[in-house]
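Biologist: I would like to understand how the words used for a structure follow from its values. Could we go through them one at a time?

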Amino acid sequence: GDKGLVVSFGEMLIDFVPTESGVSLSESSGFLKAPGGAPANVAIAVSRLGGRAAFVGKLGDDDFGHMLAGILRKNGVDDQGINFDRGARTALAFVTLRSDGEREFMFYRNPSADMQTLRRYELNLELIRSAKVFHYGSISLITEPCRSAHMKAMEVAKEAGALLSYDPNLREPLWPSHEEARTQIMSIWDKADIIKVSDVELEFLTGNKTIDDETAMSLWHPTLKLLLVTLGENGCRYYTKDFHGSVETFHVDAVDTTGAGDSFVGALLNKIVDDHSVLEEEERLRKVLRFANACGAITTTKKGAIPALPSDCEALSFL
Ligand code: ADP
């Protein structure tokens, strides 16, 4: 039958990525215009892998905003949850790449100003109710009215029976303070069925520099089904109420890690959207995480986020 729908909620913006690596922004002789924004990346990741995905968010009613919507459509992502705002401008981010492929962000204008103006009544509730998985980050929690829209969307999806997937995707410089980021991120913690954090986020949220099982489990909540900690070139760790362990990733020459986590999440969600029982069987979950690691690894081998998300064929031949 039809594949289940993954609805991804949040920001979409344009990353300007230097054409050379290891240079500062001002030294760069050119930039690649790379569409991104974690929730949009996840929607496209799912779609590229052959799944059904929709994006819910707000874009500026300008050339950049329409370009972004076009990219979603071209990649097979349902765009019926996008609002265009005449008053808003599409957010732009300049991304510096260090020589090791790690990235640093600099935002132009109010970061994701467009998405931040999304109001509850602008949500396409019918689309959200049809989600089998509802995925979101935390950038949409930074200010009102978007924070309320985010809460409402989550509530509607959950009531309709969707699995809630949360990647806090901390961008610390976007928040007014460390404490505010932590408070807002944790305010919706208990609602999620699946949570993915990076090692950096685990440290940020727990205040604990030791990345071990005890630290990870301190983030556990009673109705959580799966907690994932991604560790870059060291793969990922997984925790459920019954078992935990780690899955190694693949050795690649990383040139740009932007989007690796989103690629990982998209792959995971695409595998579980029609079969939640994967979360209860360790061997099957490990297979899915191996696939997700492969997708994350592939994404680091190319510049930009969206252009680097693998298709199903690419991922399978990589494996
Ligand atoms: P995020 O992008 O959210 O910070 P990570 O950098 O941990 O997340 O990447 C997500 C996943 O992508 C990792 O769990 C791993 O499977 C894969 N990955 C990331 N970086 C590398 C790398 N350098 N080599 C191989 N796989 C990688």
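Modeller: What follows is a set of questions and answers about this predicted model.

Biologist: Why is Val247 called partly exposed?

Modeller: A residue counts as buried with 20 or more other C-beta atoms within 10 Å of its own, and as exposed with 12 or fewer. Val247 has 18 C-beta neighbours inside 10 Å, so it falls in between and is called partly exposed.

Biologist: Is Asn169 buried or exposed, and how do you know?

Modeller: Asn169 has 24 C-beta neighbours inside 10 Å, and because the cut-off for a buried residue is 20 or more, Asn169 counts as buried. This residue lies in the loop between β9 and α6, and its phi is near 40°, a positive value in a residue other than glycine.

Biologist: What makes you say that β1 is largely enclosed?

Modeller: Of the 5 residues of β1, 5 are buried, so the strand is largely enclosed by the rest of the structure. The cover is found on both faces, with Leu5, Val7 and Phe9 buried on one side, and Val6 and Ser8 buried on the other. In a regular strand the side chains alternate between the two faces of the sheet.

Biologist: How do you know that β1 pairs with β4 and with β8?

Modeller: Pairing requires at least two bridges between two strands. There are 5 bridges between β1 and β4, which run parallel, and 5 bridges between β1 and β8, which also run parallel, so both cases satisfy the requirement of at least two. Val7 illustrates this, since its bridge partner in β4 is Ala54, while in β8 its bridge partner is Phe134.

Biologist: Why are β5 and β13 described as standing at the edges of the sheet?

Modeller: The open sheet has 9 strands in the order β5-β4-β1-β8-β9-β10-β11-β12-β13, and its pairing is mixed. β5 and β13 each have a single partner strand, so one side of each is left without a neighbour in the sheet. For β13, 4 bridges join it to β12, and these two strands run antiparallel; Tyr238 stands opposite Gly245 in β13.

Biologist: Which residues does Val247 touch from its place in β13?

Modeller: Leaving aside residues up to four places away in sequence, Val247 touches Gly235, Cys236, Arg286, Leu289, Arg290 and Asn293. With Leu289, Val247 has a separation of 42 residues in sequence and of 6.8 Å in space, C-alpha to C-alpha.

Biologist: What makes the span of α9 close to the expected one?

Modeller: Helix α9 has 13 residues and reaches 19 Å from its first C-alpha to its last, which is close to the 18 Å expected at 1.5 Å a residue. In addition, 13 of the 13 residues of α9 are buried, so this helix is largely enclosed by the rest of the structure.

Biologist: Which helices are said to supply residues to the shell around the ligand?

Modeller: Helices α9 and α10 each supply at least two residues of that shell. The ligand is surrounded by 19 residues, and the closest are Thr230, Gly261, Asn293, Gly296 and Ala297. By class, the shell has 8 nonpolar, 10 polar and 1 charged residues.

Biologist: What is the peptide bond from Glu144 to Pro145 called, and where is Pro145 found?

Modeller: That peptide bond is cis, with omega near 5°, and Pro145 is found in the loop between β8 and α5. Helix α5 itself lies across β1, β4, β8 and β9, running at about 155° to β8.

Note on methods:
Residues are numbered from 1 along each chain as its sequence is written. This is a predicted model: local features need pLDDT of at least 70, side-chain atom pairs count only at pLDDT 80 or more; totals for chains, interfaces and linings use all residues. The expected span of a helix is 1.5 Å times one less than its number of residues. A residue is near a molecule or strand if its C-beta atom, placed from the backbone, lies within 6 Å of it. Ala, Val, Leu, Ile, Met, Phe, Trp, Tyr, Cys and Pro count as nonpolar, Asp, Glu, Lys and Arg as charged, and the others, Gly among them, as polar. Two residues are in contact if their C-beta atoms, placed from the backbone, lie within 7 Å. Axes are lines fitted to C-alpha atoms, for helices over the stretch in contact, and angles run from 0 to 180 degrees between N-to-C directions.
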